[in-house]
Amino acid sequence: MDDTDRRIVNALQGGFPIAERPFAAAAEALGLEEADLLARIKAMRDDGVISRFGPLWHAEKMGGGLTLSAMSVPAERFDDVAAIVNSFPEVAHNYARDHALNMWFVVATERPERIAEVLAEIEARTGLAVHDMPKIEEFFVGLRFEA
């Protein structure tokens, strides 16, 4: 990650332009060309520097549901189980942890009752228990990189 990538990450976390060509507007504010900004975002995703680039929706405020879930997955099945979990469009992201509960993922649904359905489907398809950890209180933690 170079200084330009850090500036991109810092700038785009605080909001994204609402414009006909939002990437062009964001690039201009950063002193970049639109194509360069798009290429850098793609490279950061491809290199695993960032895991995703996109909006963060407040599912509950839109009438939906959101929960954090975790599973204990045998190491030899991890990739297969991750593929099953990630096949659900409601799974926002999935990550490994060095813990007894070694797979964690976020489920965001259009209807709150769909959370239980998704988790039950994941359990049925994997044969593994899914631990549902719904949000009790929300905190915002910003990420900023020093340039």
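This is a short guided tour of the structure above, which is a predicted model.

**Start with the whole chain**

Show the protein as a cartoon. You should find five helices and four strands, and if you trace them along the sequence they come in the pattern α-α-α-β-α-β-β-α-β. The C-alpha trace spans about 50 × 35 × 25 Å along its principal axes. Of the 147 residues in the protein, 31% are buried. If you switch on contacts with a separation of 6 or more, 62% of them join residues 24 or more positions apart.

**Colour the two domains**

Next, select residues 3-47 for domain 1 and residues 60-132 for domain 2. Give each its own colour. The centres of these two domains, taken over C-alpha atoms, are separated by 30 Å.

**Stop at an aromatic pair in domain 1**

Select Phe16 and Phe23 and show their side chains. How many aromatic pairs does the count come to? The count is one, and you are looking at that pair: Phe16 and Phe23 meet edge-to-face, with 5.0 Å from centre to centre and 70° between the planes. Are these rings buried or exposed? Phe16 is partly exposed, at 32% relative accessible area, and Phe23 is also partly exposed, at 23%. Buried would require a value under 20%.

**Move to the sheet**

Now select the four strands. They make an open sheet in the order E2-E3-E1-E4, with antiparallel pairing. Which strands stand at the edges? Look at E2 (91-96) and E4 (131-134): each has a single partner strand, so one side of each is left without a neighbour in the sheet. Turn the sheet to look across its strands, and you can follow a twist that averages 20° from one strand to the next.

Add helix H4, residues 78-86. This helix packs on the sheet and touches E1, E2 and E3. The direction of H4 makes about 165° with that of E2.

**Zoom in on strand E1**

Select residues 65-71, which form E1. Five of the seven residues of this strand are buried, so E1 is largely enclosed by the rest of the structure. Towards E3, the antiparallel pairing of E1 runs over seven bridges; towards E4, four bridges join the strands, again antiparallel.

Ser69 is a good residue to click on here, as you can look from it to both partner strands. In E3, Ser69 stands opposite Phe105; in E4, the bridge partner of Ser69 is Asp132. Then click on Ala70, and you will find His131 of E4 opposite. While you have side chains on display, keep one rule of thumb in mind: in a regular strand they alternate between the two faces of the sheet.

**Finish at Thr109**

Last, select Thr109, which belongs to strand E3 (residues 103-109). Why does Thr109 count as buried? Its relative accessibility is 6%, and the cut-off for buried is under 20%. Draw a distance from the side chain of Thr109 to the backbone oxygen of Arg111, and you should read 2.7 Å.

To see the surroundings, show the residues that Thr109 touches, leaving out those up to four places away in sequence: Ala59, Gly64, Gly65, Glu90, Arg114, Ile115 and Val118. One of these, Gly65, lies within the E1 range of 65-71, which takes you back to the strand you visited just before.

Terms used: Residues numbered from 1 in each chain as written. Predicted model: local features only at pLDDT ≥ 70, side-chain atom pairs only at ≥ 80, totals over all residues. Heavy atoms only, no water. Helix = DSSP H or I, 4+ residues; strand = E, 2+ residues; numbered from the N terminus. Buried < 20%, exposed > 50% of the residue type's maximum accessible area, 1.4 Å probe, protein only. Polar contact = N/O pair within 3.5 Å; in protein donor to acceptor, adjacent residues only side chain to side chain. Contact = heavy atoms within 4.5 Å. Phe/Tyr/Trp six-rings, centres within 6.5 Å; stacked < 30°, edge-to-face > 60°. Domains from an automatic or database assignment. Pairing = 2+ DSSP bridges. Axes fitted to C-alpha atoms, helices over the stretch in contact; angles between N-to-C directions.
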